[in-house]
Amino acid sequence: MTCIRNNAVSIPSLELCVTRPDGAETVAPLGMDPLVVGTSPECDVVVDDPHVSRRHCSITLGDAGVRLRDLDSKNGTFVGELQIQEAVLRPGVVARVGQWRLALRVTGAPRELPLSSSARFGEAVGGTLVMRALFARLEVAAATQETVLLVGESGTGKELLARAIHDASPRREGPFVVFDCSAVAPTLIESELFGFVKGAFTGADRDRAGIFEQAHGGTLFLDEVGELPVELQPKLLRVLEARQSRRVGANAWQSFDARIVAATHRDLIARMTSGAFRQDLYYRLAVLEARVAPLRERRDDIELLVERFLAAQSPPLTVHDLPAGSLAMLRTHDWPGNVRELRNALARMIVFQDAGQTTLDVPGGAGPDALLRLPLREARQQVVERFEQAYIEAQLKAHGGNVTRAAEAVGVSRQFLHRLMERYRTRGGDAG
């Protein structure tokens, strides 16, 4: 990265050069979105090597340069002979995964990336370059009528951004209607989407408008659109293209005027390949596509987020009201549940402190005095491990041992929760 001028940043033009054991090369351009290397077909760079994990490592262009990060691979990521967890990767430096070599190459002159002048877009906050670049893109998108697709992990704040797009648009005086495609039973989605007329089916005792009619004159936010059953996708596509919807049981089509913003945590490209998502619907939704970075890629925003959450408390708090070392500890966590997980963790921290505990008082482990005698890295690891174990045990108990429901409540994937359970030898009941 170079200096910021006039709300823009100069970023290098780079590509990742991947060299196979036989010497053949493939390249992938590196932009603001990270490149994930692994054997999974869902990775940005797919390598065929038995010593490489499905999601082995990531390469990210950020505020401090290009970061190479191992993704808990089985056989490790190496720079020279040194196995790394995270390192700065400079052009010409060779990294290795299995028998494959990775190196950065400069492809041309630096390019200018527009940045927002603000560290806030609506209720979403972020001062890092990746977030200011996102805000700049969405500020431009908000002024148009085009459909926007927000892609990002659960808990990154996609609904906040959708609301901000609406509030910054010419439709701000109209309704903002939210429809979560993952929260409605498959048998009810069609009637919820399109509405129904009295007598259309058992229990339809009155006419009901669908969400397209409800959003007339405003914005319709289709959350988790990647969960929409494949048999309903052609109907949604037809409605989006015709700008007309028809209630279940009705003959007449009704026109509507609503701006569409959609969001998903799914890789829709991979789902198109598997046949789970229609290609034509994807291209209809992704007129303007924007990726929302996970919190682990923008750790410098953690303090800003913490300040915002604390200021919203009653009475308002500041970072000085937290136990000593709290911010440093929060910065070290990967936050698989992203901003939602950070907010919940901060709420627990405040509650426990009000109850006379500190973040170092972890049940079942050494007390704060013993921890303070340890080196920072070792003390931090103990605190995080004990907290994670107690936390997942409590969540599993609260959800009757159902791993799927516990993962949804925590805001992480079921696979990630399973990995934590294996690490701490925690048992669930119904794996969901």
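## A buried salt bridge: Glu213 and Arg247

In this predicted model, Glu213 and Arg247 form a salt bridge, with 2.9 Å between the closest N and O atoms. The pair ties together distant parts of the chain, 34 residues apart: Glu213 sits in helix H4 (residues 211-214), and Arg247 lies in the loop between strand E20 (244-245) and strand E21 (254-255). Both Glu213 and Arg247 are buried.

## A loop-to-loop pair: Glu227 and Arg266

Let's turn to another pair. The side chains of Glu227 and Arg266 meet in a salt bridge at 2.7 Å, N to O. Here the partners are 39 residues apart, with Glu227 in the loop between strand E19 (219-223) and helix H5 (233-242), and Arg266 in the loop between strand E22 (259-264) and helix H6 (268-274). Glu227 has a relative accessible area of 24%, so it counts as partly exposed; Arg266, at 31%, is partly exposed too.

## Strand to strand, and a network

Arg67 and Glu86 form a salt bridge whose closest N and O atoms are 3.1 Å apart. This one joins strand E7 (residues 65-70), home of Arg67, to strand E10 (residues 86-88), home of Glu86, across 19 residues. Arg67 is partly exposed at 28% relative accessibility, and Glu86 is partly exposed at 39%.

The two also belong to a salt-bridge network that links Arg67, Arg69, Glu86, Arg299 and Asp334. The whole structure holds 20 salt bridges.

## Where H13 meets H14

Helix H13 (residues 403-410) packs against helix H14 (residues 414-424) at about 105 degrees, their axes 9 Å apart, so H13 is roughly perpendicular to H14. Val403, Thr404, Ala406 and Ala407 in H13 touch Arg414, Leu417, His418 and Met421 in H14. By class, this contact has five nonpolar, two polar and one charged residues.

Key: Residues are numbered from 1 along each chain as its sequence is written. This is a predicted model: local features need pLDDT of at least 70, side-chain atom pairs count only at pLDDT 80 or more; totals for chains, interfaces and linings use all residues. Side-chain values use heavy atoms; hydrogens and water are left out. Axes are lines fitted to C-alpha atoms, for helices over the stretch in contact, and angles run from 0 to 180 degrees between N-to-C directions. Helices (H or I, at least four residues) and strands (E, at least two) are DSSP runs, numbered from the N terminus. Angles under 35 degrees count as roughly parallel, over 145 as roughly antiparallel, 65 to 115 as roughly perpendicular and the rest as oblique. Contact means heavy atoms within 4.5 Å. Ala, Val, Leu, Ile, Met, Phe, Trp, Tyr, Cys and Pro count as nonpolar, Asp, Glu, Lys and Arg as charged, and the others, Gly among them, as polar. A salt bridge is a side-chain nitrogen of Lys or Arg within 4 Å of a carboxyl oxygen of Asp or Glu. Buried means under 20% relative accessible area, exposed over 50%, partly exposed in between (1.4 Å probe, protein chains only).
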